[in-house]
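Here are my notes after going through the model you sent. They come as numbered points, so you can follow along with the structure open.

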Amino acid sequence: MENAVIQLIVLAGIAIFLIIKLKSVLGTREGFEKPLQPAERPEPGVARRGFEVIDGGVDHDIVDHVPDNSDAARALAAMKRVEPAFGVGEFLQGARGAYEMILMAFEKGDLERVRPFLAPEVFDAFDGVVKAREERGLTVQAEFLGLRELTIAGAEFDPTSREAEVTVRFGGELISSARDAAGNIVEGDPKAPRKQRDVWTFARKMGSADPNWQLVATGG
């Protein structure tokens, strides 16, 4: 009888040891867990933050858009060190949407809805053109057709202030025309697309709770 009890105690001890060992390897799961999702292959130009970046390799999220070891590449890398969630590919997708939104707001004279995305001096410059059109009694009709070019032309970062600037070159296509009070077309062509080329600079303080970039400078 004593031998049976001793054997039971030994077996129980082994079982407890195995349970503790498994927990240390597999971890403990508590509460609701999301189902595992299949891994996705990164698309070209989209942020890819894997072991290659952590191990000091090439960051394709940067070099896919600017030359490696360029001033722009170093500035973008510094931005990512301050704000690891920042992705260059994601930024460009946001810039694409901002370009269309701001350009159409300017063409149609509806700048108030994009004011938060414009630096005060840029807003004033755009607003001056819109008011000049209104004084002439012009009505603009515009349709954005799409982008043919979307590239980073430069980037700067101030580590002291954490102020970042990224300059983007846009090559768009749109249909735009202006009519006077009598309905006569005085600018553009309502049927013929025209190319629109712009170089815009966006700025933001990295690490800020506000995720929005502001348009701070424009050029052609």
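1. Let me start with strand 4 and strand 5 (residues 214-219): these two pair in the antiparallel sense, over five bridges. If you want a spot to look at, find Thr201, which stands opposite Ala217 in strand 5. Keep in mind throughout that this is a predicted model.

2. Now go to the other partner of strand 4. Strand 4 covers residues 194-205 and is joined to strand 2 by twelve bridges, with the two running antiparallel. Two pairs are handy for getting your bearings here. Glu173 stands opposite Lys195 in strand 4, and Glu163 has Lys205 in strand 4 as its bridge partner.

3. Strand 2 also pairs with strand 1. The two run antiparallel and are joined by 17 bridges. Glu173 turns up again in this pairing, as the strand 2 bridge partner of Gly146. Strand 1 and strand 2 make a hairpin with four residues between them, and Arg162 in that turn has a positive phi of about 65°.

4. Then there is strand 3 (residues 185-188), which pairs with strand 2 in the antiparallel sense over three bridges. Ala178 has Glu187 in strand 3 as its bridge partner. This is a hairpin too, with five residues between the strands, and Gly183 takes a positive phi near 90° in it.

5. How many of the residues of strand 2 are buried? The count is 13 of the 17, so strand 2 is largely enclosed by the rest of the structure. Glu173 fits that description: its relative accessible area is 15%, and under 20% counts as buried.

6. Glu173 has a side-chain partner as well. Its side chain meets that of Arg148 in a salt bridge (2.8 Å, N to O). Because Glu173 lies in strand 2 and Arg148 in strand 1, the pair ties together parts that are 25 residues apart in sequence. The two ends sit in contrasting surroundings: Glu173 is buried, whereas Arg148 is exposed, with a relative accessible area of 64%.

7. On to the surface charge. Which residues gather in a patch of negative charge? They are Glu156, Asp158, Glu163 and Glu165. The elements giving two or more residues to this patch are strand 1 (139-158) and strand 2 (163-179). Take Glu165, whose place is in strand 2: this residue is partly exposed, at 35% relative accessible area. Patch members need over 30%, so Glu165 meets that cut-off.

8. A quick word on the loop between strand 3 and strand 4, where you will find Lys191. Lys191 is exposed, with a relative accessible area of 74%. Check its spacing to Ile175 too: the two are 16 residues apart in sequence, and their C-alpha atoms are 6.9 Å apart in space.

9. Back to salt bridges, this time away from the strands. The total comes to eleven. One of them joins Asp59 to Lys80, with the closest N and O atoms 2.7 Å apart. That pair links distant parts of the chain, 21 residues apart: Asp59 is in the loop between helix 2 (51-54) and helix 3 (60-63), and Lys80 is in helix 4 (residues 71-82). Is each partner buried or exposed? Asp59 is buried at 12% relative accessible area, and Lys80 also counts as buried, at 10%. Salt bridges that share partners join Asp59, Asp61 and Lys80 into one network.

10. Last one: Lys131 and Asp127 form a salt bridge, their closest N and O atoms being 3.1 Å apart. Both residues are in helix 6 (residues 120-135), and because they are four residues apart there, about one helical turn separates them. Lys131 counts as partly exposed, at 46% relative accessibility. Asp127, on the other hand, is buried, with a relative accessible area of 18%.

Key: Residues are numbered from 1 along each chain as its sequence is written. This is a predicted model: local features need pLDDT of at least 70, side-chain atom pairs count only at pLDDT 80 or more; totals for chains, interfaces and linings use all residues. Side-chain values use heavy atoms; hydrogens and water are left out. Patches are made of residues with over 30% relative accessible area and no salt bridge: like charges are joined within 9 Å, nonpolar side chains (Val, Leu, Ile, Met, Phe, Trp, Tyr) within 5 Å. Accessible areas come from the Shrake-Rupley method with a 1.4 Å probe; for residues, only the protein chains shown count as cover. A salt bridge is a side-chain nitrogen of Lys or Arg within 4 Å of a carboxyl oxygen of Asp or Glu. Lys and Arg count as positive and Asp and Glu as negative; His and the chain ends are not counted. The place of a charge is taken as NZ of Lys, CZ of Arg, CG of Asp or CD of Glu. Buried means under 20% relative accessible area, exposed over 50%, partly exposed in between (1.4 Å probe, protein chains only). Two strands pair if DSSP finds at least two bridges between them.
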